[in-house]
Amino acid sequence: MNNFTEQRLVANCGTLLFRTDASAHEAFGFECMDGWADLIEGSLRLIQRCAELEESDVKITQVKEKFGLLRIYQSGGGENVCQILDICELTSGCLCELCGKAGKLIMLDGWMLTRCERHGDGHHTDQIELPSGDEHYISCYVRTVDSILSFFGADAVRWVQQECIGLGRKRPFEMLGTEEGCLAVDTLLKRLEYGVGA
Ligand SMILES: [Zn+2]
């Protein structure tokens, strides 16, 4: 991960991160590319909030790309923290790891990777515009996943993987990579709340 992106994440979510060398203020060692930075920040903010509510001591021990998806490992925390991490992993499969645009899981030279159309051929990786942190998207993601958790409780992860007629037969996690998609899920939840079929 680019140093600047890493510093931003550490500055915003540093208290959650487990670091053996506490003097290394700017380093954590995110083992993935920058395209997932906003998704990581949103997920960590949610976990922070969750940990405060549960009064549990959660520490993020590792953040890495594995089999093309974003894996965040933690110690401590209850069921909601685990659900936040599962939803984050599912969402990462729809976001290009390099640039953060819409992508999908592909096989490239024997590796599973999540890439957008442009980066899916293994070329064009020289001029990547690094995402600089989209506060609108991050706060929208936090709000939407929070609503999903309050609405579905322990069934949240199962629900985000179900096709929804109200989302044009897409699965909710496929919408969570963009602000517009999060808003669409929010609208759907409000309709469900008021008993309108979805
Ligand atoms: Zn890309």
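Here are a few notes on this predicted model, mostly about helix α4 and the pairing of α1 with α2.

1. Confidence first. The mean pLDDT over the chain is 91, and 93% of the residues score at least 70. Helix α5 comes out highest, at 98, while helix α1 (residues 3-13) is lowest, at a mean of 88. As a general reminder, where pLDDT is low, the predicted coordinates should not be read in detail.

2. Does α4 have the length a helix should have, and what is the check? Helix α4 covers residues 135-152, and at 1.5 Å a residue its 18 residues should span 26 Å; the end C-alpha atoms are 26 Å apart, so the two agree.

3. Now the inward-facing part of α4. Its buried residues are Tyr 137, Ile 138, Cys 140, Tyr 141, Val 142, Thr 144, Val 145, Ile 148 and Leu 149. They pack against four helices: α2 (37-54), α3 (79-92), α5 (156-160) and α6 (179-193). When reading the spacing, recall that an α-helix has 3.6 residues a turn, so residues three or four places apart point the same way.

4. Just after α4 sits Gly 153, with a positive phi near 55°.

5. On to α1 and α2. Their axes lie 10 Å apart and the helices pack at an angle of about 10°, which makes α1 roughly parallel to α2, since angles under 35 degrees count as such. From α1, the contact uses Thr 5, Leu 9, Asn 12 and Cys 13; α2 brings Ala 37, Ile 40, Glu 41, Leu 44, Arg 45 and Gln 48. By type, the residues of this contact are five nonpolar, three polar and two charged.

Key
Residues are numbered from 1 along each chain as its sequence is written. This is a predicted model: local features need pLDDT of at least 70, side-chain atom pairs count only at pLDDT 80 or more; totals for chains, interfaces and linings use all residues. Helices (H or I, at least four residues) and strands (E, at least two) are DSSP runs, numbered from the N terminus. The expected span of a helix is 1.5 Å times one less than its number of residues. A residue is buried if 20 or more other C-beta atoms lie within 10 Å of its own, exposed if 12 or fewer, and partly exposed in between; C-beta atoms are placed from the backbone. Two residues are in contact if their C-beta atoms, placed from the backbone, lie within 7 Å. pLDDT is the predictor's confidence in each residue, from 0 to 100. Axes are lines fitted to C-alpha atoms, for helices over the stretch in contact, and angles run from 0 to 180 degrees between N-to-C directions. Angles under 35 degrees count as roughly parallel, over 145 as roughly antiparallel, 65 to 115 as roughly perpendicular and the rest as oblique. Ala, Val, Leu, Ile, Met, Phe, Trp, Tyr, Cys and Pro count as nonpolar, Asp, Glu, Lys and Arg as charged, and the others, Gly among them, as polar.
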